[in-house]
Amino acid sequence: MTGQKKIATVFILMLFLITTVLSACSKSESTNGNEAAGGAASSADGNAGKETITLRLTVWGAPEEVEPYKNVIQKFEAEHTNIKVELQHIAADYDTKLTTMVAGNDVPDIAMMESGSIAYPLAEQGKFYNLQDFLATDSDMNESSLVPNITYSLEPGNVIGIAPGPETFALFYNEDVFKELGIEPPPSKASEAWSWDQFVEVAKQLTLDKNGKNATEDGFDPKNIKQYGLNLPTWWGSYSNFIYSNGGDFVSQDGQSFALNQPEAVEALQKMADLINVHHVSPSPVQAKNIPSTNVALQTKKVAMAIDGQWASSALAQSNFNFNIGVLPVMKQPMTTVVCAMFSIFKSSKHPEEAWELVKALIEPEASIDMLKAGTWMPAARDWYTDEALLAKWTEGLASRPSGYKDAVIDVLLNHSHQTPTGYVKNFNKIMDVVNPALDKVWLGKESAQEAMDSIAAKAQEQVKGRRDIAN
Amino acid sequence: MRKGLFYGLLFTSPAIIGFIIFTLGPMIASMVLSFTDYSVFKDQTSFIGFDNYKTLFSGEDEFFYKSLGVTFYFVALRVPAVILLSFFIALLLNMNVKGRAIFRTIIYLPSIVPAVASAMIWMWLLNPDLGLVNSVLRWFHLPESDWLYSEQSVIPSVVLTTLWGIGGTVIIFLAGLSGIPRQYYEAIEVDGGGWYSKLRHITIPMVSPTIFFNTIMTIIGSIQVFNEAYILTQGGPNNKSLFYVFYLWRTGFRDTEMGYASALAWVLFIIILFFTFIVFRTSKSWVYYEGEGRT
Amino acid sequence: MRQSRLALAAGYTMLLFVSVLFFGPFLWLIRSALMDLSQIFSMPPEWIPSPFRWDNFHRALTILPFGTYFTNTFIIVISTIVGTVLTSSVAAFGFSRIDWRGRDTVFGILMTSMMLPAAVTLIPSFLGWQMLGFYDTYYPLIVPAYFGGGIFNIFLLRQFYLTIPRDFDEAAFVDGATYFQIYRSLIFPLSRSAIIVVALFCFLGTWNDFMGPLIYLKSDSLFTLAIGLQMFQGTYTAQWDLLMAASAAVVLPCVIVFLVGQKYFLEGITLTGLKG
């Protein structure tokens with residue numbers, strides 16, 4: 001009897017739960033409907049007079065990186081009382097989330113994006129405004145007011161995105177290691193940059209085995225290295241610097257053929273691989289987000305020098321040791337690759353003018369001064385590099401900006417920088433899907449760069465679809 | 001029998017209705033999409049018949065066969081390792097020792113550590129030059145390995161990192177073990193049998209339904225391995241950890257070729273279905289259900 | 001007797017060894033949570049934080065609205081557990097203790113829901129929920145739990161139900177019991193340990209689920225702990241000290257839930273008492 005009662009209770013409880021859930025669901029549906037109606041009403045009001053509009057913006061980043069955007073939005077809303085900005089912070093799997101949003105027609109007005117992921121697939125389907133139209137007529141922000149290589153174009157004249165700031169590569173080093181060994185530290189001026197051979201020679205002197213012998217001495221034991229001369233990431237951002245420096249490229253000038261198997265590129269790749277496998281001055285390749293990171297590797301003297309993006313400055317500034325920045329060694333000409341994210345405005349936005357104003361506000365360096373000072377970011381506006389007072393704001397007297405910074409990073413960016421391959425090589429990801437596995441063999445010393453690139457040249461060629469920076 | 005059908009459907013109706021509402025629709029949708037050139041960003045989608053499947057099997061797509069091979073290697077290595085190790089640990093944890101609760105918690109802990117944190121821990125531990133594991137090996141003058149960074153050792157290394165998270169499987173085994181009545185063991189003891197005959201004649205048959213469950217779930221889970229490639233290896237080095245579902249995800253989301261990715265998914269579906277079916281079929285000969293006395 | 005003591009000692013030793021292997025990386029998480037960024041990756045590795053950075057926890061948990069995230073996660077977890085335990089145990093009963101034509105076929109069909117990679121059903125599922133007007137609500141995360149709670153759980157419980165001797169049911173039938181009574185007063189209590197396992201898995205699965213909330217939620221105010229954790233990964237660098245502290249803090253409730261939950265399947269069930 002009691003058993004039966006209990007069953008009854010359980011089932012009533014279940015029914016109750018299901019009905020509450022369902023009724024709650026239908027309720028929310030009706031509120032949704034109300035919202036839609038409300039929205040329509042307000043836009044109708046807008047037609048009548050003052051219009052209150054909402055702009056939606058999606059970004060990723062750590063809390064400290066999102067903070068500047070929140071400040072910008074606050075200021076922006078105060079200046080434009082009729083505009084409300086909705087900031088949507090997507091913590092991870094950004095592209096997956098944005099893709100489902102596009103699939104569901106729930107598209108933001110402005111999105112931050114990575115050039116190597118879904119920005120171009122979206123742009124190819126005509127999803128973005130051509131920002132060239134704005135740049136051409138805007139008096140505050142145009143191409144000459146921005147530092148080089150931070151805009152992305154689908155084809156010449158069709159700008160799909162503008163970066164909030166550039167990032168370049170440089171040679172970070174531990175000053176104490178150089179002092180202890182009595183070796184001249186890396187130059188910071190591009191005009192005085194080390195040649196590749198000089199660089200290799202220094203790296204060898206800096207590489208010590210457990211008996212204290214360096215890599216130039218007889219009896220050096222490459223199996224028991226205590227301190228490496230150099231840490232060299234092996235992702236495309238890193239090696240592209242040297243391919244460009246050596247006059248090579250990922251695809252040919254006309255965009256018609258695969259070019260990583262050409263002499264200039266092959267030589268650069270081979271020389272980098274030799275650092276690992278022939279000279280034993282650089283540890284075996286690890287992932288792009290390598291652990292331990294540059295600051296720890298340098299601080300603990302596991303490595304003496306490290307090639308990394310300038311964003312490493314932030315973590316280095318927080319570590320307690322004397323680090324400095326030198327210019328990258330040169331193969332034929334000084335060169336660095338500029339990598340950066342971008343802001344784009346979706347075509348579906350009903351308020352492109354206002355969205356453009358917001359993009360401008362987001363890019364304005366003053367708003368992100370904390371990130372600039374911390375060392376993570378660099379400003380997008382050219383006058384923040386050329387105007388002494390503005391430059392001092394983010395480079396003077398800061399732990400993140402040591403003495404070599406202005407020459408090795410700022411001067412190189414302004415005068416010797418190259419656009420990231422993701423910005424002009426069509427179908428870049430698919431080409432790299434073929435190239436990366438072959439390069440893994442090169443970094444591991446199993447094949448020469450020439451062999452590896454030749455072996456996949458035909459397959460890579462199938463994926464070559466042209467360049468975005470030339471008219472087809 | 002008629003009554004049985006009514007009550008059977010009644011009891012299972014929430015699950016059946018749930019399947020039809022929440023699962024069947026998306027499944028059919030992806031099946032249909034596998035015959036199209038669907039890309040999320042394109043406004044136009046057209047039917048292309050079996051073209052996606054033809055591309056897959058024609059050998060035009062080298063990553064298809066490569067990722068299939070990598071995944072099978074992983075599954076062949078991982079499934080026995082997970083089942084044997086977790087069964088062994090469950091037996092240990094089922095002993096009547098002091099501090100059992102603590103031991104159980106320790107074994108279970110790793111499976112609740114967020115994936116980002118545990119991936120980061122493993123990358124650090126397995127770093128060839130600077131990581132802790134190689135440092136320890138060096139200390140004992142044992143041969144070192146490049147772990148996740150060499151072609152030969154990447155799959156075994158990934159298997160190793162996943163073994164850290166077998167807590168769930170262990171717990172299921174434990175629940176199975178706890179259901180074995182003590183009297184059965186006592187009967188063996190009376191007959192003078194030792195631990196082996198207890199294991200062979202009582203424990204294994206009695207937990208065979210649990211072994212069966214864990215085997216099926218481990219197979220299904222291992223074939224769909226994704227996170228390890230996504231967070232740890234990105235498919236490298238030299239595509240030696242290009243797991244099938246990672247490749248599928250890359251195709252569908254990064255390259256936005258969702259139609260083709262759907263075709264990839266349905267091929268995998270058939271493969272998983274096949275293996276599950278095989279295990280179900282063989283189960284009749286080795287899984288013992290006390291509740292199925294009636295034949 | 002002597003032999004069993006030896007076996008116990010051997011078992012103990014192995015248990016300790018395995019525990020050290022499993023606990024090592026976890027200890028590393030905890031000590032990282034108490035270090036500053038430069039000490040976390042120091043070489044050779046250090047195990048004792050110096051100084052102890054207890055404020056990592058404070059910073060990690062205040063930099064984001066973790067209180068809200070916790071409440072949100074709690075709501076979802078509780079609603080999901082209730083639904084899953086109720087409906088999966090009922091469904092498993094239907095798939096194991098009742099004989100009906102087509103039972104195993106239907107079960108097989110339900111099993112297929114685990115066989116298609118989620119990457120290709122993600123967008124269709126999202127579109128479905130959106131069409132129903134449930135985007136940016138918890139319904140997509142909770143409602144499915146009330147419809148079987150996932151075939152994994154049904155399958156698990158089915159396996160346990162099948163180990164219970166049929167004589168029990170037969171005896172109950174003779175006494176005039178219905179299927180509902182058998183389920184409620186016989187099968188459900190007898191498979192208590194398995195049901196607790198289901199509840200536990202459901203708790204942890206929901207607690208750690210990242211993809212579901214990421215896709216179906218839009219408003220910050222609805223976000224969960226798993227989403228909060230991911231936010232410490234920046235564009236160029238990750239705040240590992242805060243990430244580790246937040247991870248440790250998020251794992252802690254799980255540890256407590258487990259410590260409590262595991263007590264219930266510590267004790268083996270003796271069937272004799274019920275037979276009479």
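# Briefing: three chains of a predicted model

UniProt, in an unreviewed entry, places the feature "transmembrane region" at residues 7–29, 70–93, 105–125, 154–177, 206–226 and 258–280 of chain B. An annotation with that name, likewise from an unreviewed entry, covers residues 7–30, 74–95, 107–132, 138–157, 186–207 and 242–261 of chain C. Please keep in mind as you look around that this is a predicted model. The points below start with the annotated spans, move on to chain C as a whole, and finish with the domains and strands of chain A.

**Annotated spans in chain B**

- Residues 7–29 of chain B are 100% helix and 0% strand, and the C-alpha atoms at the two ends of this span lie 32 Å apart.
- Residues 105–125 of chain B, also among the spans that UniProt lists, are 71% helix and 0% strand.
- For residues 105–125 of chain B, the distance between the end C-alpha atoms is 22 Å.

**Annotated spans in chain C**

- Residues 74–95 of chain C come out as 100% helix and 0% strand, with 31 Å between the end C-alpha atoms.
- Residues 107–132 of chain C are 73% helix and 0% strand, and here the end C-alpha atoms are 28 Å apart.

**Chain C as a whole**

- Chain C has 15 helices and 0 strands.
- The C-alpha trace of chain C spans about 70 × 70 × 30 Å along its principal axes.
- The radius of gyration of chain C is 23 Å, whereas a compact globule of 276 residues would have a value near 19 Å.
- Buried residues make up 52% of the 276 in chain C.
- If you take the contacts in chain C between residues at least 6 apart in sequence, 77% of them join residues at least 24 apart.

**The two domains of chain A**

- The domain assignment splits chain A into domain 1 (52–166 + 340–395) and domain 2 (169–338 + 426–463), each written as two segments.
- A distance of 31 Å separates the C-alpha centres of domain 1 and domain 2 of chain A.
- Where these domains of chain A meet, 9 residues of domain 1 are in contact with 8 residues of domain 2.
- On the domain 1 side of this meeting place in chain A, the touching residues comprise 5 nonpolar, 4 polar and no charged.

**Strand β8 of chain A and its partners**

- Strand β8 of chain A (residues 225–231) is largely enclosed by the rest of the structure, because 5 of its 7 residues are buried.
- Strand β7 of chain A (residues 208–209) runs antiparallel to β8(A), and 2 bridges join them.
- Within that pairing, Leu208(A) has Gln227(A) in β8(A) as its bridge partner.
- Strand β9 of chain A (residues 303–309) pairs with β8(A) in the parallel sense, over 3 bridges.
- In this parallel pairing, Leu230(A) is matched with Met305(A) of β9(A) as its bridge partner.

**Ala215 of chain A**

- Ala215(A) sits in the loop between β7 and β8 of chain A.
- Is this loop residue, Ala215(A), buried or exposed? Ala215(A) counts as buried, because it has 22 C-beta neighbours inside 10 Å and the cut-off for a buried residue is 20 or more.
- Leaving aside residues up to four places away in sequence, Ala215(A) touches Lys204(A), Thr207(A), Phe220(A), His279(A), His280(A) and Val281(A).
- Ser349(A) is 134 residues from Ala215(A) along the chain, and the C-alpha atoms of the two are separated by 60 Å.

Notes
Residues numbered from 1 in each chain as written. Chains lettered and ligands numbered in written order. Predicted model: local features only at pLDDT ≥ 70, side-chain atom pairs only at ≥ 80, totals over all residues. Helix = DSSP H or I, 4+ residues; strand = E, 2+ residues; numbered from the N terminus. Rg over C-alpha atoms; globule rule 2.2 N^0.38 Å. Buried ≥ 20, exposed ≤ 12 C-beta atoms within 10 Å, placed from the backbone. Contact = placed C-beta atoms within 7 Å. Pairing = 2+ DSSP bridges. UniProt positions renumbered as here; feature names shortened; annotations may be inferred. Domains from an automatic or database assignment. Nonpolar A, V, L, I, M, F, W, Y, C, P; charged D, E, K, R; others polar.
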